Every structure is written in C-alpha cells, then in structure tokens.
Amino acid sequence: MTARCGVASIAALELAKSFYLPVASPPEFPDHCVACMVPRPGDLLIVKASGWSWWDRFTPWIAFGRGKVTAEVPICAACRRPVQRMRAIQQVGVWGYLVLALVILIPLSQSWDLPTGWRRSVVGGLALLSLLPYGVLLVLFPPAFDLSMTKGRAEYEFKNADYATLFAAANPHAESED
Ligand SMILES: [Zn+2]
C-alpha cells in the first residue's frame with residue numbers, strides 16, 4: 001500500500017499537463033519562465049512540430065496536407081540551455097534506441113525459422129516494443145515543455161503544474177484531457 005502511494009505521488013509530481021488547441025489558433029503563453037516560473041524571463045524557447053510523425057512514414061497518404069506549428073515559449077536565460085539540451089537528448093534518444101534495437105535484432109533474426117516477410121515484421125514489432133521502457137521514462141520525466149501535433153490539433157505539454165494552471169487561465173478555449 002505504501003509503495004503504491006509512493007508511485008502515485010511520483011506520477012502526480014512528474015506527469016505533464018497537456019492542452020489542445022486548433023492549429024490555427026496560436027496560444028497565449030503566460031510571461032513566466034516555463035521551467036522555473038520566474039516572471040518576465042526575457043528569453044524564448046522556440047519549439048516546432050509538424051503533423052508528420054515517424055508513424056506517417058508508413059501511411060504518407062494520411063499525413064499529406066498536415067501543417068506545422070511553432071511555439072515561442074517564455075523561458076529565462078538560466079533554464080533555456082538545460083531545457084534545450086534535455087529535449088535534444090530525448091529526440092536523439094528515440095532514434096538511438098531504435099537503431100540499437102535493430103542492430104541487435106537483425107543478426108539475431110537470421111537464425112529464426114520464419115519466411116523473410118514475417119521476419120521483417122517481427123523485427124519491426126520487437127524494435128517498437130523495445131521503445132516501451134523509453135516511453136515510460138519520458139512520461140515519468142517529461143521535458144519542461146513539449147509540443148506535438150495530433151489529429152489537426154496542437155498539443156502543448158507542461159511539466160510545471162503552476163505554469164499549466166496559468167496557461168489554462170490565459171487560454172480558456174484550450175481543451176484538456178486531465
Ligand atoms: Zn527559468
């Protein structure tokens with residue numbers, strides 16, 4: 001019971017808050033640092049996202065025509081570098097993880113008694129499964145700010161709960177699933 005409470009409280013501390021807005025309506029960012037909440041931080045974190053995700057490589061006809069969205073999020077000079085570094089590491093991390101999984105899996109799969117087509121599908125499926133722990137890490141330790149596009153909407157994710165509250169107040173038409 002105690003252990004479960006511990007896990008729940010870690011999740012409550014770290015889980016990012018997400019808000020959805022139509023791509024055509026740019027959000028109002030509160031003038032506080034997105035990471036440490038200092039008022040009038042004076043610097044900007046520029047984050048871009050497009051409707052293309054790497055899933056779309058398999059279904060380009062669905063992705064066709066999706067737009068791009070750019071967010072300029074207030075951040076203080078002290079927080080900008082570590083936040084940018086964290087985002088870069090996480091982005092490179094996904095690809096690194098996937099490549100590593102393939103480097104291990106492809107030679108292994110040579111000894112599997114499967115038709116070639118099947119072998120590729122199984123390797124692809126296992127490589128995706130191997131991303132699961134990485135995905136859990138991202139959920140537990142999200143970046144200070146993240147931006148993505150899903151189903152024609154922009155998703156704004158904040159790690160700092162106080163900032164998320166200010167964002168919700170400044171953007172009353174933003175939808176939240178929390
Ligand atoms: Zn800051």
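**Entry 1. Overall make-up**

I began with burial and noted that buried residues make up 16% of the 178 residues in the chain. I record here that the model is a predicted one. I then went through the secondary structure and found 6 helices and 5 strands. Read from the N terminus, I have the elements in the order α-β-β-α-β-α-α-α-β-β-α. For contacts between residues at least 6 apart in sequence, I looked up the share of distant pairs: 73% join residues at least 24 apart.

**Entry 2. Confidence**

I checked the pLDDT next. The chain has a mean of 81, and 81% of its residues reach 70 or more. I found the lowest confidence in helix α1 (residues 2-14), with a mean of 44, and the highest in helix α6 (residues 161-170), at 94. The stretch 1-13 has a pLDDT below 50, and I noted 0 contacts for this stretch in the model beyond near neighbours in sequence.

**Entry 3. The three-stranded sheet**

I turned to the strand pairing. I found an open sheet of 3 strands, ordered β1-β5-β4 and paired antiparallel. Its edge strands are β1 (17-22) and β4 (145-150), each of which pairs on one side only. I also noted the turn between neighbouring strands of this sheet, which averages 25° with direction ignored.

I looked at β4 and its partner in detail. Strand β5 (residues 153-158) is joined to β4 by 6 bridges, and the two strands run antiparallel. For the register, I wrote down that Phe145 stands opposite Phe158 in β5, and that Asp146 stands opposite Glu157 in β5. The two strands form a hairpin with 2 residues between them. In that turn I found Lys151 with a positive phi of about 50°.

**Entry 4. Helix α6**

Which residues of α6 are buried? I listed Tyr163, Ala164 and Phe167. These residues lie on the same side of α6, because they cover an arc of only 100° around the axis. I reminded myself that an α-helix has 3.6 residues a turn, so residues three or four places apart point the same way. On the face turned away from the buried side of α6, I found the exposed residues Ala161, Asp162 and Ala169. I then asked what the buried residues of α6 pack against. They pack against β1 and β5.

**Entry 5. Helices α3 and α4**

I examined the pair formed by helix α3 (residues 77-109) and helix α4 (residues 116-130). Their axes come within 9 Å and cross at roughly 145°. The crossing of α3 past α4 is right-handed. I listed the residues that meet: from α3, they are Tyr97, Leu98, Ala101, Leu102, Leu105, Ile106 and Ser109. From α4, they are Arg119, Val122, Val123, Leu126, Ala127 and Ser130.

**Entry 6. Glu72**

I looked up Glu72 and placed this residue in strand β3 (residues 68-76). Is Glu72 buried or exposed? I have Glu72 as exposed, because 12 other C-beta atoms lie within 10 Å, and the cut-off for exposed is 12 or fewer. Leaving aside residues up to four places away in sequence, I found that Glu72 touches Leu44 and Ile46. I also noted the separation of Glu72 and Lys48: they are 24 residues apart in sequence and 8.9 Å apart in space, C-alpha to C-alpha.

**Entry 7. Positive phi in the loop between β1 and β2**

I looked for backbone exceptions with a general point in mind: most residues other than glycine have a negative phi. Met37 is not a glycine, yet I found a positive phi of about 75° for this residue. Met37 sits in the loop between β1 and β2 (42-50). I have Met37 as partly exposed, because 15 other C-beta atoms lie within 10 Å, a count between the limits of 12 or fewer for exposed and 20 or more for buried.

Arg40 lies in the loop between β1 and β2 as well. I recorded a phi near 45° for Arg40, a positive value in a residue other than glycine. Arg40 counts as exposed, because there are 9 C-beta neighbours inside 10 Å.

Technical notes
Residues numbered from 1 in each chain as written. Predicted model: local features only at pLDDT ≥ 70, side-chain atom pairs only at ≥ 80, totals over all residues. Pairing = 2+ DSSP bridges. Helix = DSSP H or I, 4+ residues; strand = E, 2+ residues; numbered from the N terminus. Axes fitted to C-alpha atoms, helices over the stretch in contact; angles between N-to-C directions. pLDDT = per-residue confidence, 0-100. Contact = placed C-beta atoms within 7 Å. Arc of directions from axis to C-beta. Left-handed = near helix turned anticlockwise from the far one by under 90°.
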